[in-house]
Structure formats: C-alpha cells, structure tokens
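Colleague: I'm new to this structure, and I'd like a close look at the backbone in its loops. Could you walk me through that part?

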Amino acid sequence: MFSGFDVFRVGISFVIMCIFYMPTVNSLPELSPQKYFSTLQPGKASLAYFCQADSPRTSVFLEELNEAVRPLQDYGISVAKVNCVKEEISRYCGKEKDLMKAYLFKGNILLREFPTDTLFDVNAIVAHVLFALLFNEVKYITNLEDLQNIENALKGKANIIFSYVRAIGIPEHRAVMEAAFVYGTTYQFVLTTEIALLESIGQQATYEADRRTAEWVAWRLLGKAGVLLLLRDSLEVNIPQDANVVFKRAEKGVPVEFLVLHDVDLIISHVENNMHIEEIQEDEDNDMEGPDIDVQDDEVAETVFRDRKRKLPLELTVELTEETFNATVMASDSIVLFYAGWQAVSMAFLQSYIDVAVKLKGTSAMLLTRINCADWSDVCTKQNVTEFPIVKMYKKGENPVSYAGMLGTEDLLKFIQLNRISYPVNITSIQEAEEYLSGELYKDLISYSSVSVLGLFSPTMKTAKEDFSEAGNYLKGYVITGIYSEEDVLLLSTKYVASLPALLLARHTEGKIESVPLASTHAQDIVQIITDALLEMFPEITVENLPSYFRLQKPLLILFSDGSVNPQYKKAILTLVKQKYLDSFTPCWLNLKNTPVGRGILRAYFDPLPPLPLLVLVNLHSGGQVFAFPSDQAIIEENLVLWLKKLEAGLENHITILPAQEWKPPLPAYDFLSMIDAATSQHGTRKVPKCMKETDVQENDKEQHEDRLAVRKEPIETLRIKHWNRSNWFKEAEKSFRHDKEL
Amino acid sequence: MGLSAAAPLWGPPGLLLAIALHPALSVPPRRDYCVLGAGPAGLQMAYFLQRAGRDYAVFERAPRPGSFFTRYPRHRKLISINKRYTGKANAEFNLRHDWNSLLSHDPRLLFRHYSRAYFPDARDMVRYLGDFADTLGLRVQYNTTIAHVTLDKDRQAWNGHYFILTDQKGQVHQCSVLLVATGLSVPNQVDFPGSEYAEGYESVSVNPEDFIGQNVLILGRGNSAFETAENILGVTNFIHMLSRSRVRLSWATHYVGDLRAINNGLLDTYQLKSLDGLLESDLTDLAILKDSKGKFHVTLKFFLEEASTNQSADSITLPQDDNDNFAMRVPYDRVIRCLGWNFDFSIFNKSLRLNSGNAFGKKYPLIRASYESKGSRGLFILGTASHSVDYRKSAGGFIHGFRYTVRAVHRLLEHRHHSITWPATKLPITQLTSSIVRRVNEASGLYQMFGVLADVILLKENSTAFEYLEEFPIQMLAQLETLTGRKAKHGLFVINMEYGRNFSGPDKDVFFDDRSVGHTEDAWQSNFLHPVIYYYRHLPTEQEVRFRPAHWPLPRPTAIHHIVEDFLTDWTAPIGHILPLRRFLENCLDTDLRSFYAESCFLFALTRQKLPPFCQQGYLRMQGLVSTESLRQHRVESRLLRDYALTGRRLEDSSQQPGDQEPLGSPLVPGPLAQSLDSNKEEL
C-alpha cells in the first residue's frame with residue numbers, strides 16, 4: 001500500500017516538472033558559441049551561460065537564469081545559454097563540466113565573468129549584472145576613508161545616496177541596483193556591506209559639533225535639567241524627522257515633547273519657561289526617584305482595586321448569612337464560596353465565580369452560593385475555613401468537599417459539571433460499559449474529562465473495589481471514574497486484555513482504550529495511576545496544565561509555535577518519544593496564540609528573537625540552563641537525535657541560564673523602630689520639670705504640643721523613607737476631613 | 001474503684017485495712033477544678049471547663065449567680081455599654097462593643113437580648129447571669145459559702161498539693177486547681193479619726209428625698225462616688241468631693257475604670273461654679289468631727305492629736321481658725337464614703353500566700369501575668385480580682401476584659417493538665433497578611449485587652465508556614481513554649497493593640513489639633529487604639545520582658561510595625577493598611593508576599609529557577625488564581641502586565657524606548673532593591 005502511494009507521487013511530480021519547464025526552452029535562447037557571438041551588438045549588454053552540450057538540460061542555475069531573462073530584458077540586457085559543442089571550441093567553454101561560468105559582455109567586450117555559485121538566484125543574477133554595468137554609478141566602499149573621499153569629490157556637485165546591504169546578491173542589493181539603474185545619473189550611489197561603516201556614518205559627521213552644543217546646553221541648564229545626546233539612528237523609536245530636541249518633564253504621565261529648536265538660547269528658554277510649574281512641585285516630589293513603597297505592586301490587589309467600581313451580577317449567586325447557611329446547604333446541593341470582602345485574591349476569584357454562575361444560569365441543579373467571612377466569621381470558622389478563598393461543595397448525605405483546582409472559571413465549571421454524577425459510577429451491564437468507554441454514556445461530560453476510567457473487578461474483590469471507590473471519590477470533579485464488577489466482567493477483561501483487577505482508560509480525544517493492571521490497589525496508588533494517565537505524551541503546555549507536568553521534575557523540551565503545531569514536528573517528536581529518546585524530558589509545545597505569555601518566556605530566552613518555531617530545552621529543576629535547537633536546522637528526527645546526543649555529551653552551549661534569584665521583598669518597609677528611636681533621643685534632651693505651679697501647667701501643656709510638633713517635623717524630614725505619594729489635594733482634603741472627628 | 005483494682009496486689013490484710021480506714025478518713029469529694037464564686041468570671045470559667053468536659057464545681061454563697069449585681073451598683077445603672085447596633089454582622093467584631101456578654105457558643109446568650117438600654121440596669125445582668133448558668137447547665141453549688149481555704153501537700157496532686165475548701169456546713173472539698181472568682185467584695189475603708197461618721201456606699205440611701213437641702217461630703221473619686229453624687233446632685237445644697245488624687249476621666253486615660261462621662265455631672269457644676277466642688281487631699285491626714293448639732297466638720301488629724309483626749313468636739317481646732325478661707329469650712333450634714341472595694345482575703349489560709357503586704361496588695365491578691373498566684377501553684381485568680389495585672393491600663397477588671405483572660409487561663413490549664421496545646425491555626429505563609437488583617441479587624445479580645453492579651457504568630461522553618469495563636473497573655477511571652485506547648489524556634493510576630501504612647505493620661509488634652517494620624521509613614525505616631533506588630537527573631541527571655549524599655553508593653557523587637565490608626569477602626573484599606581503591613585512582613589521574613597495571577601506564575605515558572613511563595617503554594621499545587629478578562633485589562637493598564645497578546649514586533653519596539661521602564665522588568669520581578677529590615681538589624 002505504501003509503495004504504491006510512492007510511485008503515484010513520483011508520477012505527479014514528473015508531470016509538474018514537464019509543465020514547468022516548457023517555457024524555459026522558449027524564453028532562454030540556446031545557441032552555439034558562434035551563433036551567440038554573432039548576435040552581440042555594440043553597446044548592448046548580454047549575459048551568456050556557457051555549458052557543455054552533454055550537461056543535464058536542467059539545473060537550479062538554469063531555472064534561476066530563466067527567471068532572470070525578463071527582468072534583465074527590461075534593462076536591455078539579453079540572456080542566452082551557449083552550448084559548447086566539440087566542433088566549435090571557445091575559450092569560454094570550460095574544460096570540465098563543473099567549471100562552467102556565466103559571462104557578461106558589453107558589445108563584444110567581456111565585462112565580468114561569474115562563477116555560477118555567485119548567481120545563486122534570480123536576485124543575485126540581476127544584482128550582479130547591474131552592479132557590473134553600473135560600476136561608476138554605484139561606488140562600493142569598505143571604510144570611512146573611501147566615503148570621505150567620495151564626499152570630498154562631490155561636495156557642492158551632487159547628492160549622495162548611501163546604502164547598506166547585508167551582502168551582495170541578496171534581494172536588497174538587487175533593489176539598490178535597480179534604483180541606481182534609474183537614478184544613477186542624478187545621484188551618486190554609495191554601497192557598503194560593512195555594518196561598522198553604517199554605524200559610524202549617521203552621527204559621525206556632526207558628532208563632535210553636537211557634543212559641544214549639548215555640553216554648552218548642559219552647563220546652562222545645570223541643576224535644572226539633564227541633557228542627553230541621543231544617536232538618532234540607533235533608536236527604533238519614531239522621532240519626527242525634523243525634530244532635533246526632545247523634552248521630557250519630570251512628572252509622571254507628561255508626554256514627551258518633540259521640538260525643533262535651532263538655537264541654544266531657544267532650548268534654554270523653553271526649558272526654563274516650562275520649569276516654572278515644576279518648581280512649585282519640586283519640594284514635594286524631590287525625593288520621588290525610584291519606586292515608591294506606597295505604590296501598589298501586587299498585581300491582584302491593584303487590579304481588584306481598579307475594578308472596584310464595576311458592578312458584578314452578584315444576584316446570580318445566593319448570599320448566605322449565619323441564619324441561612326445551614327438551611328441552604330441542607331436543602332439543596334450547593335457550592336459555597338467562602339471569601340473575605342477585603343481580601344484581593346478573594347475578590348479576584350469572586351469574579352470568576354460569578355462567571356461560572358453566568359455560564360450555569362438556569363442549567364444546573366447545583367446552587368451557587370457565597371458567604372463573606374468578613375461578616376460571618378463564625379460560620380466560616382465552624383466550616384473549618386481559616387483561609388480565603390475556599391470553595392466547598394455540599395451534597396446531601398455526603399461530607400462537604402473542598403475544591404482543590406485552579407481558581408478560575410473553567411476549572412470550577414468543570415468541577416461542578418463533573419459532579420453531576422456520582423463517583424465512581426456504578427456500571428451494571430456490558431452494554432452500558434461499552435457506552436461508558438465510548439463516551440456515549442456521558443456525552444455532555446466528556447468535554448470536561450478527556451479520559452474516562454473504568455475499574456474492572458470480579459464481584460469478590462471487596463477491598464480492591466473499596467479502594468477504587470475511595471480513589472474515584474477522591475478524584476470526583478476532576479476525572480470521570482466508573483466501576484464494573486458484574487459476574488460477566490471477564491468478557492470485558494478478555495476483550496481489553498486486562499487481567500483483573502484492572503483499569504480501563506478511555507481516551508476520548510484519541511479514541512483509544514488502554515488497560516492498566518492494578519498490581520497495588522491502595523487508593524493512593526490508584527489515584528496516582530489515574531493522574532499519571534491523564535498526562536499526555538506531547539501536550540500543548542498551557543497556564544492551566546503546566547503544574548501537572550512541572551511536578552514531574554524533568555527538563556521541559558518546549559516547541560514554541562505561533563499557532564498550531566506543525567504535524568510533522570509533532571510526528572518527529574512523538575517518534576522520538578516512542579524510541580525512548582525523551583524519557584528524561586517532558587516534551588511539550590506552546591501555542592503562542594493560546595498562551596500569549598509565551599512571548600515573555602521567549603524574550604527571556606532569546607535576544608534577538610529568531611523566527612518561530614523554536615525548540616528549547618529548559619532545565620528548570622537543576623541549573624536552569626536553556627538550550628536552543630539550532631533554528632537553521634529542520635526539526636526532523638535525525639537532527640533532533642543528534643542535538644540531544646550533543647546535549648548529553650555536553651557539547652551544546654546553553655543560550656541562557658535562568659536567574660536563580662530568591663524572591664526578596666520587592667521594596668523596603670517603613671522603619672518605624674528607627675523613627676521611634678530618633679524621636680525618643682530628641683525628646684530626651686528636653687525634659688519637662690516635674691514640679692510646676694498651676695499656671696505653668698497650661699503653658700507647659702502648650703509647649704509640649706509644640707514640642708511634639710517639632711519632633712514630628714524634624715524626624716519626618718530626615719527619616720521619611722518616601723513621601724506620601726497621593727496627589728496633594730488628598731492631603732488637603734484629609735485635613736478638612738479631620739475636623740469631622742470633632743463633630 | 002481504685003481501691004478494688006489495687007486490692008489483689010495488697011492482699012487480704014491491706015484490703016481489710018483499706019475498708020477499715022475508709023469511713024474513718026472520710027475522703028472528701030475531690031474535684032479537678034473548683035471555682036469560687038458564680039459571678040461573671042466564675043461562670044465564664046465554668047463554661048470553658050464544661051465545654052472541655054472537665055471535672056469541676058462552682059461554689060456560690062448566694063442562691064443565684066451574680067449576687068454582687070443584686071445590690072451593686074447601688075443606683076442600678078451599669079456603665080458597661082450594651083451597644084446593640086454597629087452596622088456590622090460580624091459577631092466577633094460586635095463583641096467589641098458589647099461589654100456585658102459572656103463568651104459562649106450560644107447566640108441567644110448575648111446581652112443585647114436582655115436589655116435595650118445602652119447603659120443597662122443591673123437587674124438585667126442578674127437575670128442574664130442566671131440564664132447563662134441555667135441554659136448552659138453549668139454545675140454551680142448554690143448556697144455554699146466557702147469559709148476556709150487551706151493547702152494539703154500531696155505529691156500525687158497536680159500541683160504538689162490539694163486545696164481544701166471547707167463550707168459553712170463543715171463539708172470539705174478537695175480541689176486540684178482552685179479558681180478564685182470572688183471579685184472585690186470588701187468595701188475599702190480608710191482609717192482616720194471620725195471615719196466612723198461616714199456612711200458607706202454599700203449602705204447609703206439611694207433615695208434623693210433623703211438628701212434634700214443637705215451639705216454632702218463624698219470621699220472618693222471613682223465611678224461609685226460620682227454615681228452617688230449624680231443621684232442627689234439636684235436636691236442637695238452642694239456636694240463636695242474629696243480624694244487624694246486628681247480626677248481621672250476615662251476618655252482621657254482610655255481606661256474604662258476611670259470616671260465615665262455618663263457619671264460626670266458634678267464636674268460640670270463644679271466648673272460652672274454651681275456650688276459643687278472637687279478637692280484634693282490625703283484622707284489619712286484628715287479627721288472628721290461631729291458637733292453637738294450633729295453636723296460634721298473637717299479638720300486635720302494633727303489638730304486632733306494636739307488636743308487632749310477629753311476635749312469636746314466643738315472645741316477642737318479647725319483649719320479655718322488659722323486660715324479663715326479654708327475650703328471645707330462649712331459643716332456637712334452627711335459624709336459618704338465611696339472608696340472602692342478590696343479582695344476578701346479572710347477565707348484564705350496564710351499558707352496560700354495570697355497577700356503581698358504592700359498597699360496595692362491590700363486590694364488585690366498577688367498574681368503573675370498568667371493569673372496564677374505567686375504564692376501557690378494551681379491557684380488562679382479570675383475576674384475583677386485579677387485586675388492587678390492591668391490595673392489602670394486595660395479592661396481586665398471588667399466583664400468585657402476578663403471574659404478573655406479567663407479563656408486564656410483555661411487554655412493554659414488545658415495544656416498544663418491535659419496536654420492540649422494552645423489552639424492554633426496552621427496556615428501557609430501566603431495567608432500571613434490576611435490572617436493579621438482579619439484579626440485586627442474583628443478580634444474583640446485584642447481590642448478590649450490591649451496591651452495584655454496579644455495574638456502570637458509562630459513561624460515555621462524557612463518561614464513557609466506559621467501557627468496563629470490567639471490572645472496570649474503577653475507578659476508571659478518568655479514562657480510561651482512551656483505554657484502553650486508550641487515551639488517558637490524560627491521567629492515570631494506579636495500582634496498587639498495600643499494607644500499612642502504619650503496620648504493617654506488624666507492630664508492629657510486628647511482633643512489637640514493633630515491628634516489624628518492619617519499617613520502611613522506616620523503610623524508609629526498614631527494616638528488612638530491601633531494594631532502594632534512586633535517581630536522577634538527569637539523568643540524574648542524573661543529578663544528581656546522584665547527589663548523592657550519604659551512604657552513598652554513588650555521588649556524591644558527586631559522590627560516593629562504600626563498600622564495607622566483608623567477613624568472607623570476598619571483596617572482594610574489596600575494602600576493605607578494592607579500594603580505597608582505586607583511590606584513589613586516581607587522585610588521581616590526576607591521574602592516576597594505578593595499575590596500573582598496564574599499567568600504570572602507560569603511565566604516565572606519557565607523563566608526563573610525560584611518562584612515566589614504565592615506561586616509555589618498556589619499555582620504549582622494546581623490552585624493558581626486565574627484572572628478574568630476584566631481584571632486582565634486592568635493588569636495591562638496598570639502596567640503590571642505586559643500585553644503579550646500584541647505582536648512580537650511591537651514588543652521589541654517598546655522595550656527599547658529610552659526611559660520607558662519595561663513593565664514586567666521592574667514591578668513584578670524580585671530585585672535586590674530592598675534591604676530587608678532583617679538584615680539591617682544585624683548591625684544593631
């Protein structure tokens with residue numbers, strides 16, 4: 001079957017080639033040397049490829065040459081293939097097949113000869129030919145001196161167009177040459193492939209003068225503004241063409257101003273005029289450099305705070321109180337969210353919880369409820385809830401179950417949906433078992449649990465069944481489990497080649513059913529077997545599932561893909577998995593479209609970022625080295641194996657090492673102890689005499705308060721770690737609020 | 001039972017002997033716990049003992065609980081507030097403003113169900129205490145007056161001795177632990193010549209009719225003195241109030257035992273020169289003379305001593321004879337003594353060594369900060385009589401204070417005699433900030449017993465988890481390990497509530513201009529009651545606790561944090577309260593306690609070798625916090641998250657903008673920016 005297919009494919013490609021090469025014969029004239037030379041016209045350029053008559057009719061070069069016929073004709077350059085026949089010996093006909101070359105003639109004068117490998121494609125052909133013809137119009141230079149010579153020669157006469165290309169013969173080079181063909185008489189073209197030359201050229205000419213100007217400006221603005229000399233060309237920011245000064249005020253959020261100021265005095269006056277507003281605030285914001293410890297740096301707290309005014313459809317969930325709690329959870333199957341209204345994590349999760357309620361609206365028998373433990377502290381304590389947020393499920397006749405999954409809409413929804421059935425499901429007939437395994441039985445649930453587990457036991461295996469039931473119960477809400485232990489269980493065990501007791505794992509996405517013998521029947525072991533079975537061989541890694549693979553403690557082999565993974569790569573890696581090459585790794589792939597944060601990961605690994613896809617080995621658990629599969633190699637088995645072998649042998653260099661930094665406090669705290677110390681040491685010097693007359697008391701009272709104020713002021717100025725950063729109006733407002741206390 | 005089991009070992013002679021001895025010895029009934037007094041403190045202890053299933057008995061002289069309240073306060077108005085509305089549902093929080101209820105699991109036994117009055121009637125308290133004892137089925141032996149308490153040394157006893165209690169019928173009770181909750185029941189008498197002319201608060205008429213047109217001198221300046229004055233203020237000619245020290249207003253001293261505003265009508269009429277007045281003098285220097293008309297004159301003891309014994313009262317020198325503008329030169333119709341109460345030491349044998357002998361020791365028995373007698377192990381003083389621990393500081397002498405100290409004593413006993421460690425909640429370190437925020441916002445015990453009971457957080461190794469202990473008597477901090485059975489090897493936090501150090505006092509102006517502190521950086525100068533968190537790297541020693549700096553409730557800590565006082569006592573503001581607290585905790589523990597969304601944890605997991613605790617304890621255990629779309633938007637706007645959904649090209653651009661901080665680069669990642677408080681302290 002397979003060989004037949006191969007033959008068929010060859011047949012197809014042959015036909016395609018035929019169609020493809022038909023015009024070749026027509027457009028690229030094939031001439032004998034004599035004939036060719038007779039066609040040459042004075043002043044006309046012509047490119048000829050001399051080849052042995054017995055050489056193959058086709059080659060890559062000829063394909064490209066054929067492509068180049070039309071563009072070169074546009075520039076009046078003819079192209080021909082010259083067949084060297086034995087009768088007509090030409091000096092252009094090489095001795096050996098391999099040494100055939102292309103020649104460029106102008107009239108019958110030879111301009112250049114090209115080894116065919118320099119003319120590697122149509123772009124290279126066009127570029128090289130034009131480059132040879134426009135020898136004067138396009139000067140090729142390699143150093144600054146050449147450039148200066150050209151500049152000196154042309155000063156006051158003509159404008160220069162300077163161009164840089166990475167290499168001769170590439171599409172950019174062709175583009176430059178085509179432009180030069182048209183504008184070569186108007187402008188002098190200068191071409192270089194030297195990056196260093198490019199880098200120095202932009203500012204080099206004016207750098208000295210600019211630096212002097214900047215220094216002068218800096219002296220005049222000393223203490224008022226910092227001056228920076230920016231190399232325009234090194235920035236990838238869009239700076240308006242005409243702007244020569246950029247002005248940025250110290251305050252946050254003030255946009256950058258782009259200015260055109262041709263005079264130093266104009267710069268100075270502009271800065272000074274705009275300083276005015278600033279100076280008033282300067283005292284306040286004097287020490288505002290660096291991150292402020294009063295600024296929120298907890299993303300959950302900050303986002304919840306920013307979102308505080310949005311109204312959530314809270315009415316979709318039932319709010320419980322001390323009075324209603326017991327009655328509610330007894331009356332119906334309920335999910336209870338225990339949260340604290342002041343806790344950011346709770347409030348962030350409450351949003352997901354409400355989303356679940358929105359999705360389940362009117363469809364679920366499960367009552368979604370919530371209780372604010374900031375109000376009903378005792379209820380929460382009685383339910384053994386001491387941290388927040390916690391989700392518990394209360395079902396009639398069962399002990400409450402704490403939800404242990406991700407605090408997000410999807411996973412909680414899955415938990416609720418999967419809890420519609422009991423665990424494990426008791427399967428009572430072979431037919432039902434088959435429906436269960438095929439996913440028919442719980443059609444609407446298998447989207448939440450890609451694997452269904454069926455425990456097979458003979459009716460007498462009491463403890464094994466109990467253990468399995470315990471495991472099933474433990475996994476309820478996370479994976480569908482069922483149990484079959486009828487008399488005819490052997491029918492199933494024979495069919496799926498499983499010796500009892502056994503587990504059948506039905507993978508619905510792949511339509512596969514595996515059997516796993518249950519050697520040990522401890523509930524914990526069964527849980528472990530099932531959890532392991534949920535892991536895929538080459539999973540798409542996501543924010544949600546990384547932890548399950550992370551705990552395997554193996555280096556991750558991640559294929560970063562912009563979109564779905566290429567099936568060929570997947571095949572290659574799965575082959576390696578089967579061949580046990582990847583046993584010590586966790587191979588996976590990451591879809592940047594589903595997991596955009598993957599870009600952040602790539603940025604941490606690569607600089608600059610090579611094109612995707614990228615295959616990376618991350619040694620997360622020991623050392624943190626990151627190795628990249630060479631991006632110029634195809635992701636095929638052989639290359640991968642070779643790379644892995646080199647890795648193993650320590651022949652590969654890591655591209656980066658993940659920082660092993662500990663998570664330290666992001667910012668310092670107020671050091672109240674030192675403030676207290678400073679205040680007490682100041683206070684100590686001014687002791688109030690103990691005995692005093694009645695009149696003194698009042699005065700002294702006053703003095704004490706003044707004293708207190710003085711103490712308040714001085715240490716704050718010196719000890720203050722950071723000023724209160726809220727805007728000033730807040731301070732003023734606060735002062736006026738303060739009087740309220742006297743009401 | 002014990003005898004019969006042991007019998008075979010002893011053999012027949014022993015058995016005979018035992019049987020013979022038994023009636024002769026008349027072994028008294030033995031209890032593990034004996035509680036003296038069925039007042040609020042006694043009932044409160046009975047409640048905890050009952051809940052714990054302990055062997056206990058309460059002995060009460062009267063036929064019903066709370067006999068003190070059947071007569072006192074004389075004018076029947078309790079000055080402990082019965083605040084029935086706070087606008088909050090949190091029962092624990094509401095206890096902060098319910099000064100009359102005892103602690104129980106039964107919400108029906110809250111005082112607000114017994115009285116609508118903000119300052120309730122004492123009869124309601126009697127009714128309440130009766131219900132409390134009955135509803136909970138507390139084992140109280142009424143009509144049992146313990147007349148004598150002594151010690152019986154016994155090596156087998158828990159404390160090396162039994163307490164032998166003898167009641168009025170001669171019945172003897174043997175107790176392993178004695179819990180004395182008899183309150184202060186003896187009126188304080190100051191001995192000076194003529195003191196016999198003074199009527200006592202305990203017996204003076206409460207009918208204003210009896211005081212019409214009289215000149216009244218009241219001795220004492222406490223709430224009972226003012227309460228008495230308040231009752232007759234409108235019918236007397238004037239009231240003069242005499243005491244040794246100046247008046248102490250509870251709103252200035254922040255001590256509920258000082259003069260409450262509800263009783264201070266006399267201050268008003270004094271300052272407005274409406275004939276009433278306050279005077280200061282040491283009573284022991286004075287003498288009261290009764291003249292022939294039955295009026296009372298104030299003179300100096302000195303004059304009395306000078307005079308010969310036979311001199312008639314009328315001829316004894318009065319101060320106004322020399323000093324004719326002497327303030328108390330008018331004769332008084334009545335002298336009323338309102339000098340407070342003392343503990344009744346009379347029933348306790350000397351061997352118990354309850355009495356200290358000094359002046360203060362006349363009022364209160366001598367106890368430790370654990371409420372255990374200094375003289376005899378196993379004897380604890382509960383309730384009002386235990387107020388020596390926090391006299392003029394906190395609320396330990398009042399129901400709303402001692403209901404918590406009683407609980408603390410019970411917890412100590414549970415550990416000491418039943419090996420039940422002090423209850424604690426073990427939580428992961430990610431819950432540290434939240435657990436503190438929760439307690440400082442609702443805990444009533446901390447709030448009432450500020451400076452006395454404090455929460456203690458014991459850190460586990462590597463600070464990945466902690467144990468939270470509530471309401472430990474902080475003066476016993478050094479003995480925490482032996483008293484609680486918990487280990488404090490890896491550092492601890494103490495959460496205490498405090499008023500500003502210089503704020504309270506009888507002579508302080510508590511209304512001065514800048515009294516309220518609003519800025520987080522000034523939190524240490526907060527004046528009103530606010531949470532203060534102490535961090536110790538090691539459990540302080542007894543020496544350190546004893547010789548702590550003056551005016552400090554605790555020894556000098558490694559670091560200290562004040563949560564800025566709050567007008568609403570609501571310490572949940574994200575920036576004003578929680579953020580500075582988190583920074584403090586982070587710097588003490590030298591870690592990052594921020595919370596992160598799963599997406600951030602994912603990024604960290606793949607780009608760093610270490611994860612912050614929140615990701616380790618949540619995300620990696622498959623319990624990460626997934627952000628909703630709306631929160632995600634806020635995250636991008638707040639620049640705490642780079643928007644990876646944008647194209648890669650744009651990302652590269654923005655990262656190279658000069659002066660533009662890379663959002664992820666700075667705020668989220670750990671940095672060496674912060675020098676932890678912990679490391680700072682190494683140099684001290």
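Modeller: Sure, and one definition comes before anything else: helices (H or I, at least four residues) and strands (E, at least two) are DSSP runs, numbered from the N terminus. This is a predicted model, where local features need pLDDT of at least 70, side-chain atom pairs count only at pLDDT 80 or more, and totals for chains, interfaces and linings use all residues. Residues are numbered from 1 along each chain as its sequence is written, chains are lettered from A and ligands numbered from 1 in the order in which they are written, and side-chain values use heavy atoms, with hydrogens and water left out.

Now for the loops. Most residues other than glycine have a negative phi, and most peptide bonds are trans. Go to chain B and find the loop between α20 (613-617) and α21 (629-637), where B:Met622 sits. B:Met622 isn't a glycine, yet its phi is positive, near 60°. B:Arg353, also not a glycine, has a positive phi of about 50°, and you'll find B:Arg353 in the loop between β15 (341-343) and α12 (360-363) of chain B.

Buried or exposed? Buried means under 20% relative accessible area, exposed over 50%, and partly exposed in between (1.4 Å probe, protein chains only). B:Met622 is partly exposed at 29% relative accessibility, while B:Arg353 is exposed, with a relative accessible area of 53%.

Next, the cis bonds. In chain B, the loop between α4 (67-71) and α5 (91-95) holds B:Pro73, and the peptide bond leading from B:Tyr72 into B:Pro73 is cis, with omega near -10°. Over in chain A, the bond from A:Asp607 to A:Pro608 is cis too, with omega near -5°; A:Pro608 belongs to the loop between α20 (598-605) and β23 (614-618).
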